[in-house]
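Thanks for asking me to look this over with you. Here are my notes, in the order I would read them with the structure open.

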Amino acid sequence: MLILKSKESIGILFGIFAYLSFSILDTIQKTLIINHSVFQLLFVKYFFVLFLAFFEAKRKKNNLFYKSKDVKLQIFRSLLSVLESGCFVLSFKYLSLANAHSIGSLAPVIVVALSAIILKEKVSVKTWTAIFIGFLGVLIILRPTSSIFDPKALIPLFAAFVLGLYQVITKKVSQYDSNETSLFFTSIIGLLVMSLLASNFWRPIDYSLYPMFLGIGIFFSLGLYLQIIALSKARASIIQPFHYTLIFWAIIFGYIFYNDIPDMFTVIGAIIITCSGIFVLNQSSKN
């Protein structure tokens, strides 16, 4: 029992560092998206993911990592990844990191709701109530009836829905495909789509920004790899709540690098979404 607890503690630590890595990634992306296209940034990310797929396949000695038992579902899942990533990155151009992440943090709640609809998983009345409360938290942040409502704030909300669907499909695919197979398809489909789009929307990159573009690939791959290790050492229900540390880091980095201070509505909404999400995840783990 002690060994299990120790192993899960290590998993939690890897999970925390994974979300820290994603937070650093988003901070860099917010800077680069101002003068560069979304497609340029995503091309770099998927390029590095391809190397991660090869690395994982070699580490696990899986020579057939490029074969899937459901290619169509993998392609659909990969296209969802492209759409979700693109929307989140685009949201950083118009919103503060704190606002984008607070709204985007509804994704784990959406996963549970979509799992009930698509995978026919059992969801209690308490959980549905918590899901509804989570959406109220988003409305508090968005303030749709207010004169200061910005339609661009709907971008991360749409991204959260796509991310939720992506994670549900990933859950289904993981029943017969390995992590390295999913990473391979994600990178290949991502690179193919970005190759077509980036060439038409390419903007010159200053030499001084090369380290930042390199940072995008490194921190994205590092975050994914740390997440894989975390989930190999601890249950998803234990790791998933730490997803909400993204909001904490978004507030810290947003203030340090962009002098962004979240208003009262964002803070209240973020707290409601976080509490709702943790409750939903806790209930789903019990079920």
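1. Let us begin with a word that comes up often: a residue is called buried when its relative accessible area is under 20%, and exposed when that area is over 50%. With that cut-off, buried residues make up 50% of the 287 residues in the chain. Please keep in mind that this is a predicted model.

2. Now for the overall build. The chain has 12 helices and zero strands. Its radius of gyration is 19 Å, close to the 19 Å that the globule rule gives for 287 residues, so the chain is as compact as a globular protein of that length. If you picture a box along the principal axes, the C-alpha atoms fill roughly 50 × 50 × 35 Å.

3. How do distant parts of the sequence meet? Take the contacts between residues at least 6 apart in sequence: 90% of them join residues at least 24 apart.

4. The surface and the charges deserve a look too. The accessible surface of the chain comes to about 14,400 Å², and 70% of this belongs to carbon and sulfur atoms. There are 24 positive and 12 negative side chains, with the centres of the two sets 8 Å apart.

5. Next, find helix α4, residues 97-104. Eight of its eight residues are buried, so α4 is largely enclosed by the rest of the structure. Among them are L97, N99, H101 and G104.

6. Move along to helix α5, residues 107-118. How many of its 12 residues are buried? The count is 10, so to speak of α5 as mostly covered is fair. The buried ones include A107, P108, L114 and A116.

7. You can check the length of α5 yourself. At 1.5 Å a residue, its 12 residues should span 16 Å, and the end C-alpha atoms are 15 Å apart, which agrees. Just after α5, look for K120, which takes a positive phi of about 60°.

8. Finally, visit L163, which sits in helix α7, residues 154-173. Is L163 buried or exposed? Its relative accessibility is 12%, so L163 counts as buried. Leaving out residues up to four places away in sequence, L163 touches E84, F88 and A107. The last of these, A107, is also one of the buried residues of α5. L163 and G104 are 59 residues apart in sequence, yet their C-alpha atoms are 8.9 Å apart in space. G104 is one of the buried residues of α4.

Methods
Residues numbered from 1 in each chain as written. Predicted model: local features only at pLDDT ≥ 70, side-chain atom pairs only at ≥ 80, totals over all residues. Heavy atoms only, no water. Helix = DSSP H or I, 4+ residues; strand = E, 2+ residues; numbered from the N terminus. Expected span 1.5 Å × (residues − 1). Buried < 20%, exposed > 50% of the residue type's maximum accessible area, 1.4 Å probe, protein only. Rg over C-alpha atoms; globule rule 2.2 N^0.38 Å. Contact = heavy atoms within 4.5 Å. Areas by Shrake-Rupley, 256 points an atom, 1.4 Å probe, with all protein chains shown as cover. Lys, Arg positive; Asp, Glu negative; His and termini not counted. Charge placed at Lys NZ, Arg CZ, Asp CG, Glu CD.
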